[in-house]
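Got your viewer open? Switch to a cartoon view, keep the selection box handy, and follow along stop by stop.

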Amino acid sequence: MKKWIGIVIIAALIIGLAWNFLKDSEEAAEFGLIETSEPTGLQKGDLPPQFKLETIKEEPMALSDAKGKKVILNFWATWCGPCREEMPALQAYDAANEDVVVVAVNLTDKDGDAEKISKFVSDFNLTFPVLLDQTGDVSKAYEVVNIPSTYFIDEKGIIQTKINGAIDEELIDLYIKQM
């Protein structure tokens, strides 16, 4: 009898864990902890939502400020390992290419502390604009589910490519040349 009670308790625990996983899978996908099988967010050919945010230096910047130039729009957070991996590539590409605008949008509503974000920017010697999405409205408008997520926007303001996951200089160069 005790054996059956133990089996029932273990089965209940397994069912409870499975329920919690399924219930939280949308949240886990939002943080890039699980892969989603369907494409998410804006895609090639879409017009990117316009926005205006403050930079880490408290200066306003709108996406339209880069009108007429190729734009690399990157969504990231300080706690994201792949985001940390790709930052040197974004910085190197920005430093070497005046005709391309790199814009990094921090998911500040999920990242929080501005001091931590400033330290990250300083540690990686980032010179391109780092914008703070304090309400999460911009990442929601772009339907960002996984981070890092990077959009390549052409001179006409059309999304040409979207990448979920870290990118390197070689990939950046490839996607920019395809625009």
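What follows is a walk through the sheet, a helix, a disulfide, some aromatic rings and a few charged pairs. Keep in mind throughout that this is a predicted model.

**Stop 1: the sheet**

Start by colouring the strands. You should see an open sheet of seven strands with mixed pairing, running in the order β2-β1-β5-β4-β3-β6-β7. Now pick out the two edges: select 60-62 for β2 and 159-164 for β7, each of which pairs on one side only. Look along the sheet and you'll see the twist: neighbouring strands are turned by 30° against each other on average, direction ignored.

Next, select 52-55 and 130-132. These are β1 and β5, and they pair in the antiparallel sense over two bridges. For a landmark on this pairing, show Glu54, which stands opposite Leu132 in β5.

**Stop 2: the helix on the sheet**

Which strands does helix α2 touch? Select residues 81-96 and find out: α2 packs on the sheet and touches β3 (70-76), β4 (100-106) and β6 (149-153). Line up your view with β3, and the direction of α2 makes about 160° with that of the strand.

While you're on this helix, put sticks on Gln91, which lies in α2. Is Gln91 buried or exposed? Gln91 is buried, at a relative accessible area of 12%; the cut-off for that label is under 20%. Leaving aside residues up to four places away in sequence, Gln91 touches a run of neighbours: Phe124, Asn125, Leu126, Thr127 and Phe128. Show those five as sticks too.

**Stop 3: the disulfide**

Now select the cysteines at 80 and 83. Cys80 and Cys83 are joined by a disulfide, with the sulfur atoms 2.4 Å apart, and a search of the whole structure finds one such bond. What is its handedness? The torsion about the S-S bond of Cys80 and Cys83 is about 80°, so the disulfide is right-handed. If you turn on a surface, note that both Cys80 and Cys83 are buried.

**Stop 4: the hairpin at one edge**

Go back to β7 and bring in β6 alongside. The two strands pair in the antiparallel sense over five bridges. To get your bearings on the pairing, label Thr150, which stands opposite Ile163 in β7. Then follow the chain through the hairpin of β6 and β7, where five residues sit between the strands. Stop at Gly157 in this hairpin: the glycine takes a positive phi near 85°.

β7 is an edge strand, and yet β7 is mostly covered, with five of its six residues buried.

**Stop 5: the aromatic rings**

Hide the sticks you have and show the aromatic side chains instead. A search of the whole structure finds seven aromatic pairs. Zoom in on the one between Phe51 and Tyr142: the ring centres are 6.1 Å apart and the planes lie at 75°, so the pair is edge-to-face. This pair links distant parts of the chain, 91 residues apart. Phe51 comes from the loop between α1 (2-30) and β1, while Tyr142 comes from the loop between α5 (137-141) and β6. Both Phe51 and Tyr142 are buried.

Now add Phe75 and Tyr151 to the selection. Together with Phe51 and Tyr142, they form one aromatic cluster.

**Stop 6: the charged pairs**

Last stop: show the Lys, Arg, Asp and Glu side chains. Side chains of opposite charge can pair when their charged atoms come close. How many salt bridges does a search of the whole structure find? The search finds four salt bridges, and three of them are worth a click.

- Lys110 and Asp109: their side chains meet at 3.3 Å, N to O. Lys110 is partly exposed at 27% relative accessible area, and Asp109 is partly exposed at 31%.
- Lys116 and Asp111: their side chains meet at 3.6 Å, N to O. Lys116 counts as partly exposed at 38%, whereas Asp111 is buried at 5%.
- Asp173 and Lys177: their side chains meet at 3.0 Å, N to O. Select 169-178 to see both in helix α6, four residues apart, about one turn of the helix. Asp173 is partly exposed at 27%, whereas Lys177 is exposed at 63%.

Definitions and conventions: Residues numbered from 1 in each chain as written. Predicted model: local features only at pLDDT ≥ 70, side-chain atom pairs only at ≥ 80, totals over all residues. Heavy atoms only, no water. Pairing = 2+ DSSP bridges. Axes fitted to C-alpha atoms, helices over the stretch in contact; angles between N-to-C directions. Contact = heavy atoms within 4.5 Å. Disulfide = S-S within 2.5 Å. Buried < 20%, exposed > 50% of the residue type's maximum accessible area, 1.4 Å probe, protein only. Phe/Tyr/Trp six-rings, centres within 6.5 Å; stacked < 30°, edge-to-face > 60°.
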